[in-house]
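This report describes how the parts of one protein chain are arranged around a ligand. Please keep the sequence and the structure in view while reading.

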Amino acid sequence: MYTLLSGLYKYMFQKDEYCVLILGLDNAGKTTFLEQTKTKFSKNYKGMNLSKITTTVGLNIGTIDVGKARLMFWDLGGQEELQSLWDKYYAESHGVIYVIDSTDEERLSESKEAFEKMISSEALEGVPLLVLANKQDVPNCLSVPDIKTAFSDCAPKIGKRDCLVQPCTALTGDGVNEGIEWMVKCVVRNIHRPPRQKDIT
Ligand SMILES: Nc1nc2c(ncn2[C@@H]2O[C@H](COP(=O)(O)OP(=O)(O)OP(=O)(O)O)[C@@H](O)[C@H]2O)c(=O)[nH]1
Ligand SMILES: [Mg+2]
């Protein structure tokens, strides 16, 4: 009886946990996106004042529940000297959100280089990639097609991974729900996929 009840309890309340990295250059809007995500998806979360967010030195952590999935976010600092820490988290992650500042055309190639280096890591093979074209509220910013064109030569390295380029304004929350719901769908589907041949020992 106990086993039956505890099984039922687990079925009803236990969440499957997924780790999602939030990466991108400094000033892209990663921490703002994380705060906006927590505000939108956590009922009792009193969001912090977004204008008080300062550059991340280390990492910010956030957790949200969407249906039976629990997403744990690791928002890492994007400054050049902190990018060398990103790969320490790759092996544990089920998904990556890569944030691009759509107002910063000057640093777009720098962002592409960091993205390319990140997706070249074997530890991230098969992991879904959500690319956010952030700051869409700013007039004359780069559009999703502009960013896709600039990143087009990354396509072979992305390979068969799930990948979505989503327009987003972290400051107002536009595009946040769409991005998170897509990520949840992908990580849940991925975990239920049969293991890849090379994972079978
Ligand atoms: N206009 C506009 N500004 C934004 C948006 N999202 C973030 N910002 C601003 O961009 C700046 C940097 O935001 P952060 O969230 O600190 O950026 P970050 O990517 O976490 O930066 P690091 O922690 O240094 O890696 C802040 O001034 C934000 O208010 C947006 O959607 N629109
Ligand atoms: Mg930050």
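In which helix is threonine 31 found? Threonine 31 is found in helix α2. The model examined here is a predicted one, and the sections below proceed from two annotated residues to the ligand, the strands, the core and two backbone features.

## Two annotated threonines

An unreviewed UniProt entry lists Thr31 and Thr56 under "binding site". These two residues span 26 residues in sequence, yet their C-alpha atoms are no more than 7.7 Å apart, so they gather at one spot.

The surroundings of each can be described in turn. Threonine 31 has 24 C-beta neighbours inside 10 Å and therefore counts as buried, since the cut-off for a buried residue is 20 or more. Leaving aside residues up to four places away in sequence, threonine 31 touches Ile53, Thr56, Asn60 and Asp75. Threonine 56 belongs to the loop between α2 and β2. Because 18 other C-beta atoms lie within 10 Å of threonine 56, this residue is partly exposed. With the same exclusion of residues up to four places away in sequence, the contacts of threonine 56 are Thr31, Asp75, Leu76 and Gly77. Asp75 thus appears among the contacts of threonine 31 and among those of threonine 56.

## The shell around ligand 1

Which residues come nearest to ligand 1? Of the 23 residues around ligand 1, they are Asp26, Gly29, Thr55, Thr56 and Gly78. Thr56 is also one of the positions that UniProt lists for "binding site".

By residue class, the shell around ligand 1 consists of seven nonpolar, 12 polar and four charged residues. The element that gives the most to this shell is helix α2 (residues 30–41), with three residues.

## How the strands pair

Strand β1 (residues 16–23) runs parallel to strand β3 (residues 69–76), and seven bridges join the two. Within this pairing, glutamate 17 has arginine 70 of β3 as its bridge partner. Strand β1 also pairs with strand β4 (residues 95–101), again in the parallel sense, over four bridges. Here the bridge partner of valine 20 is glycine 95 in β4.

In which sense do β2 and β3 pair, parallel or antiparallel? They pair in the antiparallel sense, over eight bridges. One of the bridge partnerships links leucine 59 to leucine 76 in β3. The hairpin of β2 and β3 has two residues between the strands, and in this hairpin glycine 67 takes a positive phi near 60°.

Glycine 62 lies in strand β2. With 20 other C-beta atoms within 10 Å, glycine 62 is buried. Not counting residues up to four places away in sequence, glycine 62 touches Leu34, Thr37, Lys38 and Phe73. Glycine 62 and valine 20 are 42 residues apart in sequence, while their C-alpha atoms are 9.8 Å apart in space.

## The nonpolar core

In soluble globular proteins, nonpolar side chains tend to be buried together. In this model, the largest nonpolar core has 40 residues, and those with the most contacts inside it are Ile22, Ile97, Tyr98 and Leu132. The elements that give two or more residues to this core are β1, α2, β3, β4, α3 (108–119), β5 (129–134) and α6 (176–191). Among the contributors, α6 provides the largest share, six residues.

Tyrosine 98 may serve as an example. Its contacts, not counting residues up to four places away in sequence, are Leu23, Gly24, Phe115, Leu129 and Val131.

## Two asparagines with positive phi

Most residues other than glycine have a negative phi. Against this background, two asparagines deserve attention. Asparagine 27 is not a glycine, yet it has a positive phi of about 75°. Its place is in the loop between β1 and α2. Asparagine 27 counts as partly exposed because it has 15 C-beta neighbours inside 10 Å.

Asparagine 140 likewise has a positive phi, of about 65°, although it is not a glycine. This residue lies in the loop between β5 and α4 (144–150). Is asparagine 140 buried or exposed? With 8 other C-beta atoms within 10 Å, asparagine 140 is exposed.

Technical notes:
Residues numbered from 1 in each chain as written. Chains lettered and ligands numbered in written order. Predicted model: local features only at pLDDT ≥ 70, side-chain atom pairs only at ≥ 80, totals over all residues. Pairing = 2+ DSSP bridges. Near = placed C-beta within 6 Å. Nonpolar A, V, L, I, M, F, W, Y, C, P; charged D, E, K, R; others polar. Core = buried A, V, L, I, M, F, W, Y, C linked by C-beta atoms within 7 Å. Buried ≥ 20, exposed ≤ 12 C-beta atoms within 10 Å, placed from the backbone. Contact = placed C-beta atoms within 7 Å. UniProt positions renumbered as here; feature names shortened; annotations may be inferred.
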